[in-house]
Amino acid sequence: MATPGTTIHPEVEDTFAARLKGVYQTVFVNYWPYWAACLTAAVLNIILLAYWNSAWGVTAELTRWGGHVLALFGVPVEEWLYFRDIGIEGNPFTRTSGWLTVGMLGGALVGALLSGNFRIRMPQQKIRLLQGFLGGVLAGFGARLAMGCNLGSFFSAVPQFSLHGWLFMLGLFPGTYLGVKIALHPLFLGRRGRRRRAAVRRSSAPAQKPLLPQPVVGGIVAILFAALAYWAISVEAAFGILFLFGIGFGFLIQRGRICFTSAFREMWITRQGDLARALAFAMMVSTLGFAALIHSGIGGNAQFAAPGIFIGGLIFGIGIVLAGGCESGWMYRSMEGYVQLWMAGLGTVTGATLLAWAWDGWGLYDFFIAGWPAINLVESWGWPSAIFATLGLLGAWYLLVTWWETRTPQEQEAPIPSAERQPAPRGASAASQPATIQAK
Amino acid sequence: MAQAEERITADRVLDLCGEACPYPPIYTLEEIQDMSSGEVLEVITDHPPSVTNVPQAVVKEGHEVLGEPVRNGAEFHLFFRVK
């Protein structure tokens, strides 16, 4: 009898090996459905909060990495107000957050290799590299102004009943909209004539070139990481365990293409709402899980509900669309070999570090944050209102993207308005073809 | 991997390798706009999300998706017929 969920093809013999191969295909090669990856990440996040008393986030750690680099050049970063707040002692391997972040990169790398999806992807237009870096700077700057990125200030914050997560989310809508406007500006879109053009090719059959056995490499890397986790646990249990959480998150974001950028950006471009719905659903699950934990006195970290959080979300939104990835997005894409996203990662660390300096250097703290209270909805509104308001917010987001998706796109700003497309003149195809087709 | 014996012959090939979101669907539609009715466009992408979002965008504009994406390592070949 076939196990539910296992596809048995009639022509494939039902052996143990065939089933293992099927599982490998489903888990390691095929992309996961959005909801499955997001839901698993939500469950992992609940367990992480229970263990670590803090939920999933990465940019505080990335800011510290920038601080470490400056410290190498003798900059007294430990005196900066921002680093006094978030702490910068030791190095990434003497901090649980460091192990978590490194683990995420590792898990994404394993996922990319096992699925045979690693490839150095150099953008055809070099402006993408600059775009990635600048977007990263904006994203890093905005994220830290908002005390967290799409993870710390959104995915982990809204279900923890911190009002700052709501403000950040509100900032993401206009931010990603503006980001799309900039990303689709001719400057970044590139003139068609200057891009690699479509060419005619008589034989469209792709030559099967021998592949590096990426899954084998991925397996070896996975074993190395497992050994590292084993060693780390034996030295300092929390380090190894956070490393494993990081591996899990990294693997999930790669397998599920969990890209918060896409969840918000696609509202303004293709109106695809699948990922946004999956995130809303996963965060509803987190809300209930976090509520149970917070009720038992675990977690419930709230940040200042200040105007700076909204501004930070807006800047972050612009940055992630330009960079082509949010904090989770650039981490897994960079591990898949996207050179543009390496630049985004560098930019993120740069931007976050710049914010850490500007915190008191430009007086951003006094201007945007100081004097505003950290609002935890549970404390302000009580349990029932906090839970139902949070579920309501996420439900509203779910409905909003669905409604938006089904709206007739009559005034939609599609890249090519249908009305402008001329019906192709009959008989023109043969004549026009030689002129319009150029090899690059 | 077994592939369909009959390969589709494309009139044009648009190589989008290295391009990431949000550009592949936009460049694809731009190319299609420049083509004549009935012609076949092959799009090569190494950006996995584009394997779904490019066909979605193309279908939304009323064109036809031909066959399944053909995978060649990290590259995917997608085929469309212009309406």
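Start in chain B and select strand β1, residues 12–15. Both of its faces are covered: B:R12 and B:L14 are buried on one side, B:V13 and B:D15 on the other. Keep in mind as you click around that this is a predicted model.

Now add β2(B), residues 40–45, to the selection. The two strands run parallel and are joined by four bridges. For one pair to zoom in on, try B:D15, which sits opposite B:I44 in β2(B).

What connects the two strands? Show helix α1, residues 23–33 of chain B, and you have a right-handed β-α-β unit made of β1(B), α1(B) and β2(B).

Stay on that helix for a moment. Is α1(B) largely enclosed or left open? Colour it by burial: nine of its 11 residues are buried, so the rest of the structure largely encloses it. Going along the helix, the buried set is B:Y23, B:P24, B:P25, B:I26, B:Y27, B:T28, B:L29, B:E31 and B:I32. To see what they pack against, display β1, β2, α2 and β4 of chain B.

Next, bring up the whole sheet. Four strands of chain B form an open sheet, in the order β1-β2-β4-β3, with mixed pairing. Why do β1(B) and β3(B), residues 64–72, each have a side without a neighbour in the sheet? They stand at the edges with a single partner strand each, so one side of each is left free of a sheet neighbour. Look along the sheet and you can check the twist: neighbouring strands are turned by 20° against each other on average, ignoring direction.

For the antiparallel part, select β2(B) together with β4(B), residues 75–81. Six bridges join these two strands. Here the pair to pick is B:E42, standing opposite B:F79 in β4(B). If you want to draw the links yourself, strands of a sheet pair through backbone hydrogen bonds, either parallel or antiparallel.

Then switch on helix α2, residues 50–60 of chain B. This helix lies across β2, β3 and β4 of chain B, and runs at about 10° to β4(B).

Time to hop over to chain A. The secondary structure changes completely in flavour: 20 helices and zero strands. Of the 440 residues in chain A, 48% are buried. Among its contacts with a separation of 6 or more, 84% are between residues 24 or more positions apart.

For a single residue to inspect, go to A:T402 in helix α19, residues 383–406 of chain A. Is A:T402 buried, partly exposed or exposed? It has 15 C-beta neighbours inside 10 Å, so it counts as partly exposed. Set aside the neighbours within four places in sequence, and A:T402 is in contact with A:G273 and A:R277. Try a distance label to A:D274 as well: 128 residues away along the chain, yet the two C-alpha atoms are separated by 8.6 Å.

Last stop: colour everything by pLDDT. Chain A averages 86, with 85% of the residues scoring at least 70. Chain B averages 85, with 92% at or above that mark of at least 70. Now select residues 410–440 of chain A, where pLDDT stays under 50 and the model has 29 contacts beyond four places in sequence. Do likewise for residues 1–5 of chain B, also under 50, with three such contacts. Where pLDDT is low, the predicted coordinates should not be read in detail. For the complex, the predictor gives an ipTM of 0.85 and a pTM of 0.86.

Key. Residues are numbered from 1 along each chain as its sequence is written. Chains are lettered from A and ligands numbered from 1 in the order in which they are written. This is a predicted model: local features need pLDDT of at least 70, side-chain atom pairs count only at pLDDT 80 or more; totals for chains, interfaces and linings use all residues. A residue is buried if 20 or more other C-beta atoms lie within 10 Å of its own, exposed if 12 or fewer, and partly exposed in between; C-beta atoms are placed from the backbone. Two residues are in contact if their C-beta atoms, placed from the backbone, lie within 7 Å. Two strands pair if DSSP finds at least two bridges between them. A crossover is right-handed if, with the strands pointing away from the viewer, the path from the first strand over the helix to the second runs clockwise. Axes are lines fitted to C-alpha atoms, for helices over the stretch in contact, and angles run from 0 to 180 degrees between N-to-C directions. pLDDT is the predictor's confidence in each residue, from 0 to 100.
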